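Reader: I should be grateful for a close look at one part of this protein. Please take the structure shown below as the basis for the discussion.

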Amino acid sequence: MGAHELVEAGRQHVATGRIREAMACFTRAADDPERGAEALSLLAAAYLLPGSLAPELALAHAHRAASHPAVGGEHLARCAAVALTAGDPTLAEELAGRAGRAGGGEAQAIRATALLRLGDLAGVRALLAGLERASGPAVFWRRLVVEASAAGRMDVALAVRRAMRRGGLPAPALPDVVVRAAAGPLFFACLAAATVLAAVAPERLAAVLALGFLALGLGMAVVARRA
């Protein structure tokens, strides 16, 4: 069986949940001069699937794919997604940047998310400057909206959400974005209010009001998590 058939068989195995069989196919095709980069990038992604979860191996194969002579923008974007999911935003930003336009909207969303995790808000804004329509799989843009809103970066979250809507991608609901952005500050405000009440109000009243504020804060946190 040639490398092309191995890669396609591996994809079919992934689609039917036979991850070990898929990984065997990708491993056999990894040394092919033409399809090796694709096989390695798919192998890296397979190491993040349920039943085979091994982030360190996913990152190792992402590195191998990225250094393959036949690597292209699609493969780099896939490896960037692997790196981001495996907890290496620095590698994700590097690979998504290398993917460039060939990586499509997926690479742009991944790179912006990686920069956000690295605390480079100026880099995020520069990367998204002039973004009119988001393209590519919606999941990567949705993750960017969720993480930006959870980090309190409403300008980024709302700008990306608008671009998703203009690009025809399913965007997170506006109330969900607002709840995520407000949950953290509101929780700590409720905790502070409960602490003050416990110190200055009559004992029974303080207990009731403090529990009320804590319940409100916890409720907002739960709603934000579900959103």
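How are α2 and α3 oriented to each other, roughly parallel or roughly antiparallel?

Author: The model is a predicted one, and what follows should be read with that in mind. Helix α2 spans residues 19-29, and helix α3 spans residues 36-46. The two pack with their axes 8 Å apart and at an angle of about 150°. Angles over 145 degrees count as roughly antiparallel, and α2 and α3 are therefore roughly antiparallel to each other. The crossing in which α2 passes α3 is left-handed. On the α2 side, the contact is made by I19, M23, F26, T27 and A29; on the α3 side, it is made by G36, A39, L42, L43 and A46. Sorted by class, the contact of α2 with α3 has 8 nonpolar and 2 polar residues, and no charged residues.

Helix α3 also packs against a second partner, α5, which covers residues 73-85. The axes of α3 and α5 come within 9 Å and cross at roughly 20°. Because angles under 35 degrees count as roughly parallel, this crossing makes α3 roughly parallel to α5. Here too the crossing is left-handed, with α3 passing α5. From α3, the contact draws on A37, E38, S41, L42, A44 and A45, while α5 supplies H75, R78, C79 and V82. By class, this contact of α3 with α5 has 6 nonpolar, 2 polar and 2 charged residues. L42 is a residue of α3 that appears in the contact with α2 and also in the contact with α5.

A further link to α3 residues is found at R64, which has its place in helix α4. With neighbours within four places in sequence left aside, R64 is in contact with A30, D31 and L40. The C-alpha atoms of R64 and S41 are separated by 8.3 Å, and the two residues are 23 residues apart along the chain. R64 has a relative accessibility of 37%, so it counts as partly exposed.

From α4 and α5 the description can be carried on to helix α6, residues 89-99. The buried residues of α6 are P89, L91, A92, E93, L95, A96 and A99. The cover over these buried residues includes α4 (55-66), α5 and α7 (104-117). After α6 comes G100, whose phi is positive, near 55°.

The largest nonpolar core comprises 62 residues, of which I110, L128, W141, V160 and M164 touch the most other members. Helix α5 contributes the largest share of this core, 8 residues. As for L128, when neighbours within four places in sequence are set aside, its contacts are with Q108, A112, W141, L144, V156 and V160. Two of these partners, W141 and V160, are themselves among the core residues that touch the most other members.

To place these parts in the whole: the protein has 12 helices and 0 strands. Of its 227 residues, 43% count as buried. Among contacts with a separation of 6 or more, 57% are between residues 24 or more positions apart.

Methods: Residues are numbered from 1 along each chain as its sequence is written. This is a predicted model: local features need pLDDT of at least 70, side-chain atom pairs count only at pLDDT 80 or more; totals for chains, interfaces and linings use all residues. Side-chain values use heavy atoms; hydrogens and water are left out. A nonpolar core is a set of buried Ala, Val, Leu, Ile, Met, Phe, Trp, Tyr and Cys residues joined through side-chain atoms within 4.5 Å. Buried means under 20% relative accessible area, exposed over 50%, partly exposed in between (1.4 Å probe, protein chains only). Helices (H or I, at least four residues) and strands (E, at least two) are DSSP runs, numbered from the N terminus. Contact means heavy atoms within 4.5 Å. Axes are lines fitted to C-alpha atoms, for helices over the stretch in contact, and angles run from 0 to 180 degrees between N-to-C directions. Angles under 35 degrees count as roughly parallel, over 145 as roughly antiparallel, 65 to 115 as roughly perpendicular and the rest as oblique. A crossing is left-handed if the near helix is turned anticlockwise from the far one by less than a right angle, and right-handed if clockwise. Ala, Val, Leu, Ile, Met, Phe, Trp, Tyr, Cys and Pro count as nonpolar, Asp, Glu, Lys and Arg as charged, and the others, Gly among them, as polar.
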